[in-house]
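Reader: I've got a structure open and I'm not sure how to read it. Could you walk me through a few features?

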Amino acid sequence: MNKNMSLFSKKNIVGTASAIAISLAGLGTSAYAGVNEAKKWVDGEFKKSAISRDAQMQEMKWFIDAAKPFAGKTYSVVSETITTHEYESQVLTKAFEEITGIKIKHDLIGEGDVIEKLQTQMQTGRSIYDMYINDSDLIGTHYRYGKVVSLNDFMYGEGKDVTSPTIDVFDYIGRSFTTGPDGKLYQLPDQQFANLYWFRADWFARPELKRQFKAKYGYELGVPVNWSAYEDIANFFTNDVKNLDGKKVYGHMDYGKKDPSLGWRFTDAWLSMAGAGSKGIPNGLPVDEWGIRVDNCQPVGASVERGGAANGPAAIYALTKYRDWFKYAPPAAKGMTFGESGPVPAQGQIAQQIFWYTAFTADMLKPGSAVVNDDGTPKWRMAPSPHGPYWEKGMKLGYQDAGSWTMLKSSPLEGRKAAWLYAQFITSKTVAVQKFLTGLTPIRESTLQSKHVADVAHKLGGLVEFYKSPARVSWTPTGTNVPDYPKLAQLWWKNVALAMTGEQSPTGAMNNLAKEMDKILGRLERVGMDKCSPKLNPKRSQSYWLNQPGSPKPKIANEKPQGQTVAYNDLLKAWQEGRAQ
Amino acid sequence: MEKTPNNKAWFLILPVFIMVAFSAIIPLMTVVNYSVQDIFGPDQRVFVGLEWFKETLRDSELHGALLRQFIFSFSVLALEIPLGIGIALLMPKKGWGVSASLVTIALPLLIPWNVVGTIWQIFARVDIGLGGAFMNAMGVDYNYTANYMDAWFTVLVIDLWHWLPLVALLCYSGLKAIPDAFYQAADIDGASRWKVFRFIQLPKLRSVLVIAVLLRFMDSFMIYTEPFVLTGGGPGNATTFLSQFLAQKAVGQFDIGPAAAFSLIYFLIILLFCFIFYKMMMTVGKGEKK
């Protein structure tokens with residue numbers, strides 16, 4: 001373990017926290033401006049918390065003291081626009097200002113725009129924001145370019161005076177996503193969501209539909225374990241059931257507009273769900289879900305010819321299924337983006353969705369929605385994602401990401417310190433439970449274990465059960481194999497879009513993608529990176545690599561084995577027992 | 001009397017030269033500088049010479065986008081110029097109808113590009129859009145998100161809806177500028193409606209039409225927002241034009257070197273056509289004098 005990380009041992013944190021608590025108690029409360037404001041917020045908005053009121057007040061008192069050098073000044077941070085960040089921008093900035101005197105301008109922009117700003121600051125070296133909240137998918141980029149401050153170094157170095165003794169890094173459930181190959185923390189999780197299977201539990205429970213399905217396919221209608229079952233169920237609802245309660249229904253939902261978000265659909269997890277990568281958590285080693293192979297930490301190629309899997313049989317199979325399954329989706333799905341397609345299941349015509357982001361949970365629970373019962377409980381459930389025929393136990397099964405605080409070296413130190421205080425405040429144990437209840441994007445283990453969360457779990461369709469389960473580690477974000485996320489991610493959507501229309505076959509599209517990825521890796525090798533720079537393998541025949549053990553995997557004869565389903569309650573049990581499925 | 005040359009007069013154009021240098025020449029030189037490098041960051045760049053230019057010129061995606069761009073721009077001209085003239089001829093020449101028709105016709109011109117794209121994106125959707133649903137109800141298997149021809153048809157209709165009013169208004173102003181004496185003479189000669197159009201109105205509209213052609217060609221050649229919002233350039237590459245190709249490289253991928261080389265090639269293409277149209281305009285002017 002890294003030296004700095006060892007300082008974050010639980011023992012140390014408890015010790016430091018106690019020392020700070022004692023010293024704070026000695027100083028007395030009246031010495032602090034903002035104490036009354038803190039009381040107001042703790043007794044009001046932050047009443048529901050994983051820690052006691054006293055512990056909350058102690059935490060707030062530390063913030064008041066640490067913020068003094070920055071009081072009265074304004075700093076700016078930026079994030080994408082989702083419910084959690086809206087809450088931060090509108091409510092938590094107000095709480096932070098009242099308590100600490102620091103004004104934070106928390107800008108909300110599109111996710112792509114956040115990356116654009118971050119990339120601009122990285123490329124120009126000129127500060128745009130004091131800190132950014134961006135997805136942990138960029139961990140490989142941040143680590144290699146050397147433009148991002150290691151939070152370990154910051155917390156024990158120049159930011160020591162503004163690092164809360166109660167931060168409790170080990171309580172963040174997504175910290176492994178934001179840790180570089182050197183074991184250092186590069187980002188602090190702020191909100192977290194997963195990508196799961198979503199289905200209408202009420203329809204799946206209808207006896208007449210269960211009978212009809214079993215008669216046709218020979219197995220029970222239930223949560224699909226593999227893609228064969230998913231496809232059978234999709235076909236069943238779209239072409240056999242057709243209408244339910246007077247409404248046209250569809251057995252599948254997805255999105256296919258030529259748009260950057262089409263790339264996320266693939267790079268998040270699709271190839272790993274099909275089984276294209278290697279075994280290993282979080283991302284598969286040596287080949288990850290992007291199909292990029294690494295040797296130690298150096299990317300050596302994405303094409304099968306260089307040992308990667310981006311154009312291997314499993315990847316081609318994954319793209320083919322994505323394209324073909326649109327016949328089970330509403331006709332408009334092909335023209336939708338990620339944002340447009342997300343709310344569609346809530347309209348009540350979709351029976352299941354293989355690739356559904358839990359970030360949409362709050363939208364799916366709105367009273368009066370077609371997918372919510374009169375008592376506020378959901379008609380739907382979320383379950384583990386089914387896997388393709390190339391998938392093996394021990395592989396990543398889905399996507400989970402943590403929108404995380406990122407500090408660039410090019411931002412001024414004062415701004416970084418003030419923004420770091422805000423970052424800790426809005427992820428603190430004092431605030432985290434209420435933030436979860438608002439945006440349903442958990443980041444702390446203590447939040448998940450709190451009574452307040454247990455009280456609402458039955459209304460969240462399996463979200464809490466998923467996050468409480470140790471099985472959640474099978475859902476991971478883009479990992480450290482990807483050396484330049486912005487450049488490489490852009491290659492996916494334009495190639496996938498060509499396969500959608502038949503302008504390219506899935507094989508042609510993936511071959512082109514792999515070639516383009518290799519080219520970017522080659523350019524990064526030429527220009528050189530700070531750490532773990534790519535070093536392309538020499539080209540060899542596909543058969544050489546396909547005959548090696550592991551990924552890239554050779555084509556299997558039967559890509560549509562017998563469909564398999566399980567009852568939802570059995571899956572919940574599996575989660576409780578710490579199994580992925 | 002012989003004029004004395006005064007070179008000090010050159011100082012008078014110095015402010016203009018400085019302004020142009022800051023607004024055009026310096027940025028252009030920056031782009032030239034980028035175009036010969038592979039840039040990943042301020043400290044991560046290598047000189048690559050003409051590599052990006054050679055690659056761009058060989059790029060089949062660029063060739064496809066360029067071809068689509070020409071087809072689109074010429075289709076726009078082929079539709080908007082005759083229709084613009086037709087509408088202008090039908091518009092009332094006096095009375096309250098003049099103001100009413102001018103305001104009504106000009107309305108689409110007031111709507112921003114991205115709003116135009118969004119309006120049509122929803123209007124043409126087959127599930128919730130009035131236009132898309134109507135087409136389907138009429139038995140037409142219309143879906144602009146999946147079918148090449150439907151996507152092209154929709155982008156062209158959007159451009160017509162948005163910019164045809166400009167052509168119509170230009171033509172209308174050209175028609176209004178024709179002195180009544182011409183019509184009176186035609187009336188005395190007993191000229192038919194067609195002959196009035198062919199031998200009086202069309203020749204008199206020539207200068208206005210050259211401006212309309214120039215504006216619409218240049219605008220349509222740079223089209224970006226409407227297809228970006230409507231189709232994202234799809235389905236496949238069906239509505240991917242040059243600007244989208246460039247934006248994806250420059251803004252999406254942050255691939256500054258190749259994007260700079262592409263920008264320069266794009267700039268040269270536009271410059272070439274500006275020159276051709278400028279020459280055409282000059283020729284038309286001379287023809288009128290004769």
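Author: Sure, let's start with one side chain. This is a predicted model, and in it a polar atom of the Asn481(A) side chain lies 3.1 Å from the backbone oxygen of Ile292(A). The backbone oxygen of Pro286(A) is 3.4 Å from a polar atom of that Asn481(A) side chain.

Reader: Where does Asn481(A) lie?

Author: Look at the loop between helix H21 (463-468) and H22 of chain A.

Reader: Is Asn481(A) buried or exposed, and why?

Author: Here you compare a percentage with a cut-off: buried means under 20% relative accessible area. Asn481(A) has 5% relative accessibility, so Asn481(A) counts as buried. Leaving out residues up to four places away in sequence, Asn481(A) touches, among others, Arg144(A), Gly284(A), Asp288(A) and Pro299(A).

Reader: Next, the two chains. How do I read the size of an interface?

Author: People often give the accessible area lost when the parts come together. Here chain B and chain A bury about 3100 Å² between them, with 50% of it on carbon and sulfur atoms. Of the area that chain B buries against chain A, 25% comes from Phe40(B), Gln44(B) and Phe254(B), more than any other three residues supply. In terms of contacts, 42 residues of chain B meet 38 residues of chain A.

Reader: How many salt bridges are there across the interface of chain B and chain A?

Author: The rule finds 7. For an example, find Glu55(B) and Lys519(A): they form a salt bridge whose closest N and O atoms are 2.7 Å apart.

Methods
Residues are numbered from 1 along each chain as its sequence is written. Chains are lettered from A and ligands numbered from 1 in the order in which they are written. This is a predicted model: local features need pLDDT of at least 70, side-chain atom pairs count only at pLDDT 80 or more; totals for chains, interfaces and linings use all residues. Side-chain values use heavy atoms; hydrogens and water are left out. Helices (H or I, at least four residues) and strands (E, at least two) are DSSP runs, numbered from the N terminus. Buried means under 20% relative accessible area, exposed over 50%, partly exposed in between (1.4 Å probe, protein chains only). A polar contact is a pair of N or O atoms within 3.5 Å; within protein, one must be able to donate a hydrogen and the other to accept it, and residues adjacent in sequence count only if both atoms are side-chain atoms. Contact means heavy atoms within 4.5 Å. Buried area is the accessible area (1.4 Å probe) that two parts lose on being put together, summed over both. A salt bridge is a side-chain nitrogen of Lys or Arg within 4 Å of a carboxyl oxygen of Asp or Glu.
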